[in-house]
Structures are given as structure tokens and as C-alpha cells.
Amino acid sequence: MTMTLLELDRVDACYGAAHVLHRMSLNVKAGERVALIGRNGVGKTTVVNTVLGLASLRGGKVRIGRREPARPRAYMAANEGVAVVPQGRRIVANLSVEENLLLGSAVRRPGPWNLQSVYALFPILRERAHTPGTAMSGGQQQMLAIGRALMANPALILLDEPTEGLAPVIVDQLADILNRVADAGTALLLIEQNLSLVMRVARRYYAVAKGSVVAEGEVQHESLDELQRHVMV
Ligand SMILES: Nc1ncnc2c1ncn2[C@@H]1O[C@H](COP(=O)(O)OP(=O)(O)OP(=O)(O)O)[C@@H](O)[C@H]1O
């Protein structure tokens with residue numbers, strides 16, 4: 001049986017008094033490529049925040065790898081092989097590209113990814129290894145954020161709107177890179193409003209509205225119009 005890497009089972013989650021997720025259920029198994037789509041503010045980032053313990057789990061169950069914590073915490077995700085490429089990238093400004101990559105290897109599992117293989121995937125990062133991480137373009141910083149996640153050799157990467165603010169030509173490169181990462185065996189949960197990326201990378205999708213899953217299925221069985229109606233503002 002394929003291992004479940006992440007599962008939310010009827011999860012309710014809050015920020016203080018703000019109740020954002022309502023019986024949210026989704027799962028990602030080893031090697032899967034899953035998209036989470038939906039309009040702004042429906043709770044997609046809160047799924048990641050619940051896994052990291054940044055939003056409070058108030059009901060339901062969260063499974064992270066082999067654990068089912070009552071209070072999920074970021075270190076548990078890291079220990080269970082779940083890495084995050086956060087919205088806005090969060091590159092550390094006063095560290096070089098290489099130092100930012102090395103931050104990703106603090107909790108490291110065995111696997112194919114190391115500085116050399118990350119540099120082979122992103123030659124631009126090798127060229128810019130000693131420049132400050134935030135001195136690079138938005139697209140390059142996104143590559144750095146993905147490279148940093150790979151340095152942990154994760155079984156699953158949660159990517160929160162990786163195409164935000166990127167030019168279409170960079171989105172094309174990103175699709176190619178994410179497919180290579182997934183081909184190498186890493187599962188992806190792709191939070192995205194860019195459906196061109198979703199259609200090129202994801203196999204399954206969940207559509208979210210008002211903190212719950214309102215539709216799910218195989219990406220290849222849906223038309224662009226069908227997916228589009230879940231993200232239109
Ligand atoms: N730290 C917080 N405290 C209180 N409310 C929050 C907090 N973070 C987010 N929210 C609220 O939770 C709701 C869901 O936000 P979330 O960021 O999960 O949405 P999203 O689907 O990821 O949207 P976006 O694409 O805009 O990031 C929104 O109404 C937002 O205002």
C-alpha cells in the first residue's frame with residue numbers, strides 16, 4: 001500500500017477567534033502530484049499553517065508521515081520528511097545563496113539531493129552561490145526556495161503559490177523543474193491559482209472554498225473552464 005505522507009481528516013483550524021478551516025479533508029500519498037486550488041482567502045495557506053502549528057488545530061485529525069499530533073509543530077513536519085516552500089519565499093537577506101541552501105539541510109534525510117545535485121538542477125544558483133539570496137530576481141529566489149526545500153531530501157514538498165509575481169516564461173521553467181523533482185520521487189502539494197502550472201504538473205486536485213474542499217478529481221479529466229471557476233475572483 002502506498003504510504004500516506006499528509007492527511008487532513010475533517011480538520012477545523014483557527015487563528016485565535018477566526019475559524020478558517022471547516023472540516024477540511026485531503027491527503028497526499030508518496031510520489032503524488034496534488035494541487036490545492038481556490039480563490040484568495042479561502043484557507044489554502046492555512047492548510048500549510050495548520051501542518052506547521054501556526055494555526056490552531058481545533059477539530060479533526062492531521063497525519064504527518066507516521067505521526068498524528070494533537071498539536072502539529074514545524075519540527076515534526078521536518079522530521080517526517082515534509083518540507084515547505086512558503087508563500088513569499090522567505091529567503092534570508094543577509095545570507096548568501098549557498099548559505100540559504102544549507103539552511104534547508106538542518107534536518108536532512110538520506111536521498112539524492114545535496115548541494116551538487118541542487119546546483120545541477122538550478123545552474124543559476126551555482127553561478128550566484130556567493131551573492132546575497134535576496135539580490136536575485138523573483139524567479140531566481142523561487143528556485144532558491146525550492147532548492148532549499150530539496151536539501152532536506154523531503155518525501156513531500158508543500159509549495160504555496162510558487163508562481164506569484166513571476167513572468168510566464170519563468171512559470172514554464174518552474175513547471176519543468178517541478179516535474180523533474182516529482183519524477184525523482186518527491187511528492188508535491190501545489191497551492192496555486194495559476195492553472196497552467198496546475199495542468200502541467202498536478203495529477204489530482206482539491207478545490208477549496210470557505211475553508212472546505214468543494215470539489216476534487218483528476219486534473220486530466222477536467223477542462224480548464226471547470227478548474228477556472230474555482231479560482232475566479
Ligand atoms: N494570522 C492570521 N490571523 C487571523 N486571520 C488570518 C491569519 N492568516 C490568515 N487569516 C485569515 O484566514 C483566511 C484564510 O487565509 P489563507 O491565507 O489561508 O487564504 P488563502 O486561500 O491562502 O489565500 P491567499 O491566496 O490570499 O493566500 C482569510 O480570511 C485570512 O484573512
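Select L190 first. Leaving out residues up to four places away in sequence, L190 touches V34, A35, L159, V198, V201 and A202. Contact here means C-beta atoms, placed from the backbone, within 7 Å.

Before moving on, note that this is a predicted model: local features need pLDDT of at least 70, side-chain atom pairs count only at pLDDT 80 or more, and totals for chains, interfaces and linings use all residues. Numbering runs from 1 along each chain as its sequence is written.

**The core.** Now add L156 and V198 to L190. These three touch the most other members of the largest nonpolar core, which has 66 residues. Such a core is a set of buried Ala, Val, Leu, Ile, Met, Phe, Trp, Tyr and Cys residues joined through C-beta atoms within 7 Å. Next, select 138-150. This is helix α6, which supplies the largest share of the core, 6 residues. Helices (H or I, at least four residues) and strands (E, at least two) are DSSP runs, numbered from the N terminus.

**The ligand.** Select Y15, A18, V20, G38, N40, G41, V42, G43, K44, T45 and T46, the residues around the ligand. Each has its C-beta atom, placed from the backbone, within 6 Å of the ligand. Colour β2 (18-29) and α1 (44-52), the elements giving two or more residues to this shell. The most come from α1, with 3 residues.

**Last stop.** Go to S196, in helix α8 (residues 195-201). Is S196 buried or exposed? It counts as partly exposed, because 14 C-beta neighbours lie inside 10 Å. The cut-offs are 20 or more for buried, 12 or fewer for exposed, and partly exposed in between. Finally, draw a C-alpha to C-alpha distance from S196 to A83: 24 Å in space, 113 residues apart in sequence.

How values were computed. Contact = placed C-beta atoms within 7 Å.
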